[in-house]
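This report describes one protein chain, shown below. Please keep the structure in view while reading.

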Amino acid sequence: MNANLTATTKALGDLAAHATPTLAAQTLATQTLATQTLESLVSSGQNQAEKIGGQVLRSYGEITALNQRNLEALVASSTVVVKGAEEASRSLRTFARASLEQTASAGKAMLAIRSFHDLVDLQTRFAKTRMDACLAETSALTQLGVKTTYDAIAPLKAQVSAAVEKAIRPAVS
């Protein structure tokens with residue numbers, strides 16, 4: 001039994017001696033392959049991250065530019081509204097001043113009237129004149145409001161149209 005054990009041990013030793021260089025070579029080849037695969041995965045991940053990062057930065061830049069254009073359109077629109085309000089304020093101030101002057105003039109004329117019939121006639125003319133002036137002023141203010149509204153909407157409409165066109169263009173391409 002001792003001889004069998006010695007022979008088996010020697011056979012296993014010989015097998016191990018011959019197998020060790022092959023096993024070492026296979027292990028080295030496996031390690032090399034694993035290292036190459038890992039390096040490839042890392043490189044691929046870095047490339048994807050750079051690609052995605054570039055897309056994110058481009059998207060961020062596009063969003064920033066869009067927000068800038070939106071703000072510019074809003075400022076342009078607000079400027080038109082402010083100018084329209086200033087013009088309406090000037091018009092109303094002029095109308096109020098003229099109305100006050102005409103009312104004072106009519107009041108003085110009423111004090112000089114000697115008959116009731118003349119007083120009614122003067123009051124009727126004054127009321128008609130004031131009503132016509134009010135209607136004319138209302139019409140002018142309405143026209144100014146419509147013009148201001150259209151002019152104020154124009155930059156916003158242009159920006160919305162440009163943004164929609166830009167959004168649709170990539171989808172159509």
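Helix H1, residues 2-111, gives the most to a nonpolar patch, with 3 residues. This is a predicted model, and every value in this report is computed from it. The patch lies on the surface and consists of Leu71, Leu74, Val75 and Leu156. Together these residues have about 330 Å² of accessible area. Val75 is a part of the patch that lies in helix H1. Its relative accessibility is 47%, so Val75 counts as partly exposed, the class between 20% and 50%.

**The chain as a whole**

The secondary structure comes to 2 helices and 0 strands. Helix H1 covers residues 2-111, and helix H2 covers residues 116-172. How much of the chain counts as buried? Of its 173 residues, 8% do. The chain exposes about 13,500 Å², and carbon and sulfur atoms supply 66% of that area.

Contacts can also be sorted by how far apart the two residues are in sequence. Among contacts between residues at least 6 apart, 79% join residues at least 24 apart.

**A buried residue in helix H2**

Gln159 is placed in helix H2. Is Gln159 buried or exposed? Its relative accessible area is 11%, and because buried means under 20%, Gln159 falls in the buried class. Which residues does Gln159 touch, leaving aside its neighbours within four places in sequence? They are Leu66, Arg69, Asn70 and Ala73. With Asn70 there is also a polar contact: the side chains of Gln159 and Asn70 are joined at 3.0 Å.

**Salt bridges**

How many salt bridges does the structure hold? There are 3 of them. The table gives each pair with its N to O distance and the relative accessible area of both partners.

| Acidic residue | Basic residue | N to O distance |
|---|---|---|
| Asp121, 37% | Arg125, 48% | 3.5 Å |
| Asp132, 40% | Lys128, 54% | 3.1 Å |
| Asp151, 33% | Lys147, 51% | 2.7 Å |

Where do the partners Asp121 and Arg125 sit in helix H2? They are 4 residues apart there, so about one helical turn separates them. Asp132 and Lys128 are likewise 4 residues apart in helix H2, with about one helical turn between them. Lys147 and Asp151 both lie in helix H2 too, at a spacing of 4 residues, or about one turn of the helix.

The accessibility classes of the partners can be read pair by pair. In the pair of Asp121 and Arg125, Asp121 is partly exposed at 37%, and Arg125 is also partly exposed at 48%. In the pair of Asp132 and Lys128, Asp132 is partly exposed at 40%, whereas Lys128 counts as exposed at 54%. In the pair of Lys147 and Asp151, Lys147 is exposed with a relative accessible area of 51%, while Asp151 is partly exposed at 33%. Why does Lys147 count as exposed? The class begins over 50%, and Lys147 has 51%, so Lys147 is placed in it.

Technical notes:
Residues numbered from 1 in each chain as written. Predicted model: local features only at pLDDT ≥ 70, side-chain atom pairs only at ≥ 80, totals over all residues. Heavy atoms only, no water. Salt bridge = Lys/Arg side-chain N within 4 Å of Asp/Glu carboxyl O. Buried < 20%, exposed > 50% of the residue type's maximum accessible area, 1.4 Å probe, protein only. Patch = residues over 30% accessible without salt bridge, like charges linked within 9 Å, V, L, I, M, F, W, Y side chains within 5 Å. Areas by Shrake-Rupley, 256 points an atom, 1.4 Å probe, with all protein chains shown as cover. Contact = heavy atoms within 4.5 Å. Polar contact = N/O pair within 3.5 Å; in protein donor to acceptor, adjacent residues only side chain to side chain.
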